[in-house]
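Subject: Structure handover

Hello,

Here is the structure for you to look through. Please open it first, then read my notes below.

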Amino acid sequence: MGSVKDYFSTLGRGIYSLIQGMEVTGKEFLTPKITEKYPENRENPPVAPRFRAILQLEYDAEGNHKCIACGSCERACPNGTIHLTTEMVDTWKGTKKKRLVDYNYDLGSCTFCQLCVTSCPTAAIDFNNDFEQAVFTRGKLVKKLNYLPEKPEPEPTAEERAKFEAEKQAKIEAAKKAAAAKAAAAKAAEGKATEKE
Ligand code: SF4
Ligand code: SF4
């Protein structure tokens, strides 16, 4: 008789346990999903905008970037991830200017600390959240961020050139006046010294 009692007791516990399990399953069935089907929905994966996937040089609609080749990002990087190649070019004002040739970035050694981004004085670089960056060889992790051809130095407009020439002439005139005043003052001082003698 005892064994029949045990049998029904065990059966009752089993059924209770089954109901509890079904309760959890039912609750999870009705809870909004937080997992995503991947790669089925790779076209529109819900990645947070602030996720740092890869560094990029930002281009505007005309294909211009804001990098002035100052090297600040390269110096700020603790891992030697950024390698810049630059050159000096002549500007229409007759001065020299540093210009970007190659901006190389090694994704394989980047720790996504963002020091490069925060050190940039022109906000030329930022991280995008394109998380699919897997490649088959390490060499492919080295990216050239300035992927568009670098543009030549812009030619000045007629107004810019006229303004520059006017300013240059004004500086020359001011320098001449200052030199003449200095010479006159020196001459006057010399005259006074002669009178005393
Ligand atoms: S995020 Fe950090 S490690 Fe990566 S390139 Fe920038 S400074 Fe270097
Ligand atoms: S990306 Fe910014 S910090 Fe780096 S070289 Fe260009 S301007 Fe300088």
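First, a cut-off you will need: a residue is buried if 20 or more other C-beta atoms lie within 10 Å of its own, and exposed if 12 or fewer do. Bear in mind that this is a predicted model.

**Two alanines**

Start with Ala69. It sits in the loop between β1 and α2 (72–76). Its phi is positive, about 60°, although it is not a glycine. Is Ala69 buried or exposed? It has 20 C-beta neighbours inside 10 Å, so it counts as buried.

Now go to Ala123. You will find it in the loop between α3 (115–119) and β4 (125–128). Its phi is also positive, about 55°, and it is not a glycine either. Ala123 counts as exposed, because it has 10 C-beta neighbours inside 10 Å.

Some background helps here. Most residues other than glycine have a negative phi, and most peptide bonds are trans.

One peptide bond to look up is that from Tyr38 to Pro39. It is cis, with omega near 15°. Pro39 lies in the loop between α1 (2–30) and β1.

**The sheet**

Next, find the open sheet of 3 strands. Its order is β2-β3-β5, and the pairing is antiparallel. The edge strands are β2 and β5 (142–144), each pairing on one side only. From one strand to the next, the twist averages 25°.

Take the pairs in turn. β2 and β3 are joined over 9 bridges, in the antiparallel sense. Within β3, Asn104 stands opposite His83, and Arg99 is the bridge partner of Glu87. The hairpin of β2 and β3 has 5 residues between the strands. There, Gly94 takes a positive phi near 90°.

β3 and β5 also pair in the antiparallel sense, over 3 bridges. Asp106 stands opposite Val142 in β5.

**The core**

In soluble globular proteins, nonpolar side chains tend to be buried together. Which residues have the most contacts inside the largest nonpolar core? They are Ile82, Tyr103 and Cys116, in a core of 14 residues. Two elements give two or more residues to this core: β2 (82–90) and β3 (96–106). The largest share, 3 residues, comes from β3.

Look at Cys116 more closely. Leaving aside neighbours within four places in sequence, it is in contact with Leu55, Cys73, Ala76, Cys77, Ile82 and Ile125.

Leu55 belongs to strand β1 (residues 54–57). It is buried, because 24 other C-beta atoms lie within 10 Å. Not counting residues up to four places away in sequence, Leu55 touches Tyr105, Cys110, Cys116, Ile125, Phe127 and Leu145. Asp130 is 75 residues from Leu55 in sequence, yet the two are 10.0 Å apart in space, C-alpha to C-alpha.

**The two ligands**

Which residues are closest to ligand 1? Cys77, Thr81, Cys110, Cys113 and Cys116 are, out of 13 that surround it. That shell has 9 nonpolar, 4 polar and no charged residues. Note that Cys116 appears here as well as in the core.

Around ligand 2 there are 13 residues, and Cys67, Cys70, Ser72, Cys73 and Cys120 come nearest. By class, its shell has 9 nonpolar, 4 polar and no charged residues.

Best wishes

Terms used. Residues are numbered from 1 along each chain as its sequence is written. Chains are lettered from A and ligands numbered from 1 in the order in which they are written. This is a predicted model: local features need pLDDT of at least 70, side-chain atom pairs count only at pLDDT 80 or more; totals for chains, interfaces and linings use all residues. A residue is near a molecule or strand if its C-beta atom, placed from the backbone, lies within 6 Å of it. Ala, Val, Leu, Ile, Met, Phe, Trp, Tyr, Cys and Pro count as nonpolar, Asp, Glu, Lys and Arg as charged, and the others, Gly among them, as polar. A nonpolar core is a set of buried Ala, Val, Leu, Ile, Met, Phe, Trp, Tyr and Cys residues joined through C-beta atoms within 7 Å. Helices (H or I, at least four residues) and strands (E, at least two) are DSSP runs, numbered from the N terminus. Two residues are in contact if their C-beta atoms, placed from the backbone, lie within 7 Å. Two strands pair if DSSP finds at least two bridges between them. Axes are lines fitted to C-alpha atoms, for helices over the stretch in contact, and angles run from 0 to 180 degrees between N-to-C directions.
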